[in-house]
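Welcome, and thanks for keeping your viewer open. Follow the stops below in order, selecting as you go.

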Amino acid sequence: MTTARLIALDQILFVLVAAAWAATAGIALTGLRQPAAAGRRTLLIAAALCAAAIVMTALRVAVTAGLAGAGWWFVAEKVTLALPLVVVPALVSAAVSLPRLLRGTATGSTGGSTPGSARVVAFPLLVTAYGAVAGIACGVVISYPVTAGGAAAVLALFAAASAVTWRLLGPARSPRHAWQAAGTCVLALALALTIGGGWPSGHLHTGHDTGGRGVSVDLLRGPAPAAAGGPAGAGERIRRFTLTAQPATVRLPSGGGAEAWSFNGQVPGPVLRVRQGDLVEVVLRNRLPVQGGSGQENTGQPNPGQPNTGQGVTIHWHGYDVPAAEDGVPGVTQDAVWPGQSHVYRFRAEDAGTYWYHSHQNSSVAVPRGLFGLLVVDPATPVPESEDHVLALHTFGSRPTLSVDGAAPSDLLTRLTLPPGARTRLRVVNTDTQPVVLGLSGAPYRIAAVDGGDVPGATDLDGARLHLAAGGRYDLTFTVPSGPVLLTAGDRPTLLVNGPATPPPAAGPVVDITRYGTPAALPARFDRETTWVLDKTLAVSGGLPRLAQTVNGKAWPNIPTPVVRQGETVRIRVVNRGTDTHPMHPHGHHVRILSRNGVPATGLPMDTFDVAPGEVWEVALVADNPGVWMSHCHDLAHAAQGMEFHLAYEGVSTPYDMTNGNHPA
Ligand code: C2O
Ligand code: CU
């Protein structure tokens, strides 16, 4: 069974086990209070349920043993806490309660004086139920790693509930006893919250623990304004673009539409196409309306003392490893650009390939709403393909669409005519927050590039399908055949080359991208290691405890910042304990994939890699781009729910923070 299946099974068993023990206890208590004849029947049910609960508990132990095979991260809190809490009382129940229940099915009584026997029979059953519930709490509250505080909290509540139950089941139930019992509960809760809560206070942002010291991220800019603003140096090309954030309406051919935020009135924004070596200068202007105002733009003059209003904007160059100050993350590399304001980005287009850009202010809202576009850097030596097209996949509302070469998006089949025999490159960009399965049929094809980087030794694929992570890019190359070629996205025919005949959609196996191409020489030693265990757990997020998308049990902004030193090679292990897929996206760096689930990879560099439930990825990051970098899940809703943090270089700090309305997710 796969790790993902075991995780799902474990979650079902969790609930079933708790329900079974609770029901056993409740029914046993009822049976003990009934007259003999009815009691016999009820106790029989209780005994049967008890047996079932024992079997299910054993099954939980087996599933946990299976999960342990995938790694300690998947079972730490189960082995140390959740299982002992249910297994020990379950054994007592099997030894003490079950035989008495069985005796009761014959006699209608479990023997002995009634209140005393109720305590002997029901107490172990109830405590087992508490243990099972506490086990659920372990998974939700503690996850990985197990903290002393979290363990103390769970144990304190478990002990308090057990103590109160013992009292209440006892012979003398005076009001004084009830008060004592309630007091115990309150004390335990207070203790648990004090020890286990560990809620950070004061800190707006623990990520800025390098703050105030070292070089400011602001100094890590692209080429100086003089170089960019002045005339080009010998052989230097400067490419200038202006991107204006403004409202727009998207009309889809099927008739649907959506109110959007756009760059320059188009969604997607203009395709920025430059040549390797060019100096790129982009002026971002925000002309979105001021919310709640008269609909007029504000003056753009910084207005100290006035809160910023409306929708801020930035531009993040997704997958382009620009100097830190050009990375476009509000609160990390700049302040959000408010309606009326502007900001200039400059970087040298050193790497050829397929990339995209998007706003990073409230990105979980702004990107789905249209504040994105594509960036293509043509290599200094031209690619061999004479046909070169860039494809943006994006979902508006619930309508998946395709935009070819920056044209208006279509939710119907897009048609393209290409000369037979032409070498063709389709640059497919997934701008959605969910992965997409692509299929190309009608011609053998190659994955010529992944996340902008060429794939060494790319081999022909025939009818194979591809899994493209949210934010990821594949360049697909093929020779146009005499017949048609079909591209499907999520099983939806989306692009037809040289119709009208349509080839059957690709239905082959999904390529394991981590094993594609010629294996690269990979680093064998690492200066530093870090493990990111991803899960959905209770954590403080937005100042309140809530169910959050967490890294090592914590949610933004409380996830500690991994700090690296320039020049180091870092091994990052990403473990997905949850049931959601997480496209992890460290800014400023491509990471080389070392292995997936222990299987060695070919080492392709990627900037967004999809860690599915139950998976363990190992990647290598070479710290060659100093800065303070955002690192997050590119399911942007997950980032907004806590799954984002920083990766910082020693000696680099940022003057920005989450005040001034900065809000990266
Ligand atoms: Cu495309 Cu921080 O993301
Ligand atoms: Cu995620």
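Which residues coordinate the copper ion (ligand 2)? Select His 582 (ND1), Cys 633 (SG) and His 638 (ND1), which sit at 2.0 to 2.1 Å from the ion; donors are N, O and S atoms within 2.8 Å of the metal (3.2 Å for Na, K and Ca), and water is not among the atoms, so sites may look incomplete.

Before moving on, note that this is a predicted model, where local features need pLDDT of at least 70, side-chain atom pairs count only at pLDDT 80 or more, and totals for chains, interfaces and linings use all residues. Residues are numbered from 1 along each chain as written, chains are lettered from A and ligands numbered from 1 in written order, and side-chain values use heavy atoms, leaving out hydrogens and water.

Stay at the copper site: its donors follow the spacing H-x50-C-x4-H along the chain. Color by accessibility, and Cys 633 is buried at 0% relative accessible area, as is His 638 at 8% (buried is under 20%, exposed over 50%, partly exposed in between, with a 1.4 Å probe and protein chains only).

Next, select Val 274 in strand 4 (residues 272–275); strands are DSSP runs of E, at least two residues, and helices runs of H or I, at least four, numbered from the N terminus. Val 274 is buried at 2% relative accessibility. Add Leu 375: the two C-alphas are 8.0 Å apart in space, with their positions 101 residues apart in sequence.

Finally, select Leu 547 in strand 22 (residues 544–551), which is partly exposed at 47%.
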